[in-house]
Amino acid sequence: MLKESVKKSISNYGFLNLLSSIIVLQEKTPIFENQQLQKDLYDFYDNPEFYFLFEDVCKKESIEGNNYVDLEYAFQLAYAWGLLSMIQNSGNLKSVINISKEEAQENISNFDQRQIYAMEELVTQLYLPKKIDKSRLLIKR
């Protein structure tokens, strides 16, 4: 009898857990603004290189262009389970990743290699300096 292998999908919380763990392991800044992170991740949502990471993450789009991925439920679980700590800063909710390198290494052991490699690349690209669209700059002389 042949066994079919079931493709292991990543949950909404699993996505945030893996993302946070890779950020810690790559020694990136462990503080982020929740809303900005969700907006930045939107740019990766439809990328064929990363699509399977977002299987349980919803994409939200609006006419005004306020597009983002919805990680609110994942954030709630992350605060409850101690993965993240909350910082309220002038109306913007920020989070601090609250795990050590050892805990991050243990967390990623729950994911397959394809998910880990893809998230490592996503984090690398996420932390690249943002390019400035010079056409939007208005200089008055």
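This passage describes the nonpolar core, the salt bridges and two individual residues of a predicted model.

The largest nonpolar core of the predicted structure comprises 40 residues, and those with the most contacts inside it are Phe15, Leu19, Leu41, Leu53, Phe54 and Leu122. Two or more residues are contributed to this core by each of helix 1, helix 2, helix 3 (72-80), helix 4 and helix 5 (113-126). Helix 1 gives the most, with eight residues in the core. In soluble globular proteins, nonpolar side chains tend to be buried together. Leucine 41 may serve to illustrate the packing, since residues up to four places away in sequence can be set aside and leucine 41 still touches Phe15, Leu19, Phe54, Val69, Leu71, Leu122 and Leu126. Of these partners, Phe15, Leu19, Phe54 and Leu122 are also listed, together with leucine 41 itself, among the core residues with the most contacts.

Asparagine 12 provides a polar counterpart to this description. Asparagine 12 lies in helix 1, which spans residues 12-25, and its relative accessibility is 10%, so that it counts as buried, the cut-off being under 20%. When residues up to four places away in sequence are not counted, asparagine 12 touches Asp56, Val57, Asp70, Leu71 and Ala74. Leu71 thus appears among the contacts of asparagine 12 and also among those of leucine 41.

A search of the whole structure finds three salt bridges. In one of them, glutamate 27 is paired with lysine 101, and the closest N and O atoms are 2.1 Å apart. Because glutamate 27 lies in the loop between helix 1 and strand 1, whereas lysine 101 belongs to helix 4 (residues 101-108), this pair ties together parts that are 74 residues apart in sequence. Glutamate 27 is exposed, with a relative accessible area of 57%, while lysine 101, at 38% relative accessibility, counts as partly exposed.

The remaining salt bridges involve lysine 59, and through them Asp46, Lys59 and Glu61 are linked in a network. Lysine 59 forms a salt bridge with aspartate 46, in which the closest N and O atoms are 2.8 Å apart. This pair links distant parts of the chain, with lysine 59 in strand 2 (residues 58-60) and aspartate 46 in the loop between helix 2 (34-45) and strand 2, 13 residues apart. Lysine 59 also forms a salt bridge with glutamate 61, for which the closest N and O atoms are 3.7 Å apart. Within the network, lysine 59 is partly exposed, with a relative accessible area of 28%, whereas aspartate 46 counts as exposed at 53% relative accessibility, and glutamate 61 is likewise exposed, with a relative accessible area of 52%.

The loop between helix 1 and strand 1, in which glutamate 27 lies, also holds threonine 29, strand 1 itself covering residues 31-33. Threonine 29 has a relative accessibility of 47% and therefore counts as partly exposed. Leaving aside neighbours within four places in sequence, threonine 29 is in contact with Ile23 and Tyr127. The C-alpha atoms of threonine 29 and isoleucine 97 are separated by 9.1 Å, although these residues are 68 residues apart along the chain.

Technical notes:
Residues numbered from 1 in each chain as written. Predicted model: local features only at pLDDT ≥ 70, side-chain atom pairs only at ≥ 80, totals over all residues. Heavy atoms only, no water. Helix = DSSP H or I, 4+ residues; strand = E, 2+ residues; numbered from the N terminus. Buried < 20%, exposed > 50% of the residue type's maximum accessible area, 1.4 Å probe, protein only. Contact = heavy atoms within 4.5 Å. Salt bridge = Lys/Arg side-chain N within 4 Å of Asp/Glu carboxyl O. Core = buried A, V, L, I, M, F, W, Y, C linked by side-chain atoms within 4.5 Å.
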